[in-house]
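Thank you for making time this morning. Please have a look at the structure on the screen, and then I will walk through it piece by piece.

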Amino acid sequence: QVHLAEFGGGLVQPGRSLILSCGVSGLTFRREGFSWYRQVAGKEREFVAHVARGGTTNYGDFVKGRFSAFRDNDKNSVFLQMNNLSPDDTAVYYCNAPNRGAWGQGTQVTVSS
């Protein structure tokens, strides 16, 4: 059974940075790509980033160079480094294994002074 678990959310001030991690089990990690999404209550889930099995990445248009997704195959983990955060980045962030249709439980990120 595929299991994803996000960590690292919390309250952060505008302009600061935060790194999220997602631990993955139940599949051959290095053979899979993984995505990050986010969702604000009452709105659709929004694509944030994807890191392919070879490490290449692509991002949602709103990222504008502020976020960086990467993976550590030795740790079966994917990460999302978020810089220069703004209140508009406040959301629940989810890790996703798109080929498996699997999602983590989400981690809340709140950007506020």
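In which loop is the place of lysine 64? Lysine 64 sits in the loop between S6 and S7, where strands (E, at least two residues) and helices (H or I, at least four) are DSSP runs numbered from the N terminus. Before going further, I should say that this is a predicted model, in which local features need pLDDT of at least 70 and side-chain atom pairs count only at pLDDT 80 or more, while totals for chains, interfaces and linings use all residues. Residues are numbered from 1 along each chain as its sequence is written, and side-chain values use heavy atoms, with hydrogens and water left out.

Lysine 64 has a positive phi of about 50 degrees, although it is not a glycine. With a relative accessible area of 70%, lysine 64 is exposed; here buried means under 20% relative accessible area, exposed over 50%, and partly exposed in between, with a 1.4 Å probe and protein chains only.

In the loop between strand S6 (57-59) and S7 we also find arginine 66, and this residue counts as buried at 16% relative accessibility. The side chain of arginine 66 makes a polar contact of 2.7 Å with the side chain of aspartate 89. By polar contact I mean a pair of N or O atoms within 3.5 Å, where, within protein, one must be able to donate a hydrogen and the other to accept it, and where residues adjacent in sequence count only if both atoms are side-chain atoms. Setting aside residues up to four places away in sequence, arginine 66 touches several others, among them Gln81, Met82 and Asp89, contact being heavy atoms within 4.5 Å.

Let me move on to arginine 71, which lies in strand S7 (residues 67-72). Which side chain of opposite charge is nearest to arginine 71, and how far away is it? It is glutamate 32, 8.0 Å away, and arginine 71 is buried yet has no salt bridge. For charge, Lys and Arg count as positive and Asp and Glu as negative, with His and the chain ends not counted, and a salt bridge is a side-chain nitrogen of Lys or Arg within 4 Å of a carboxyl oxygen of Asp or Glu. Polar partners for arginine 71 are nevertheless listed: a polar atom of its side chain lies 2.9 Å from the backbone oxygen of alanine 52, and a polar contact of 2.8 Å joins its side chain to that of asparagine 73. Leaving aside neighbours within four places in sequence, the contacts of arginine 71 include Phe29, Phe34, Val51 and Phe79.

From S7 the chain leads us to a hairpin, which S7 and S8 form with 4 residues between them. Asparagine 76, in the loop between S7 and strand S8 (77-82), has a phi near 50 degrees, a positive value in a residue other than glycine, and it counts as partly exposed at 28% relative accessibility. S7 and S8 pair in the antiparallel sense over 6 bridges, two strands being said to pair if DSSP finds at least two bridges between them. On the other pairing, S3 and S8 are likewise antiparallel over 6 bridges. In S8, leucine 80 is the bridge partner of alanine 69, and leucine 80 also stands opposite leucine 20. Of the 6 residues of S8, 5 are buried, so this strand is largely enclosed by the rest of the structure.

How many disulfides does a search of the whole structure find? The search finds 1, a disulfide being a pair of cysteine sulfur atoms within 2.5 Å. Cysteine 22 and cysteine 95 form it, with their sulfur atoms 2.2 Å apart. Cysteine 22 lies in strand S3 (residues 18-25) and cysteine 95 in strand S9 (residues 91-97), so the pair ties together parts that are 73 residues apart in sequence. The torsion about the S-S bond is about -90 degrees, so the disulfide is left-handed. Cysteine 22 is buried at 0% relative accessibility, and cysteine 95 is buried with a relative accessible area of 0%.

Finally, I turn to strand S11 (residues 107-111), along which the side chains alternate: Thr107, Val109 and Val111 point to one face and are buried, while Gln108 and Thr110 point to the other and are not. S11 is joined by 3 bridges to strand S2 (residues 10-12), and these two run parallel, with glycine 10 opposite valine 109. S9 and S11 are joined by 3 bridges and run antiparallel, and there valine 92 stands opposite glutamine 108.
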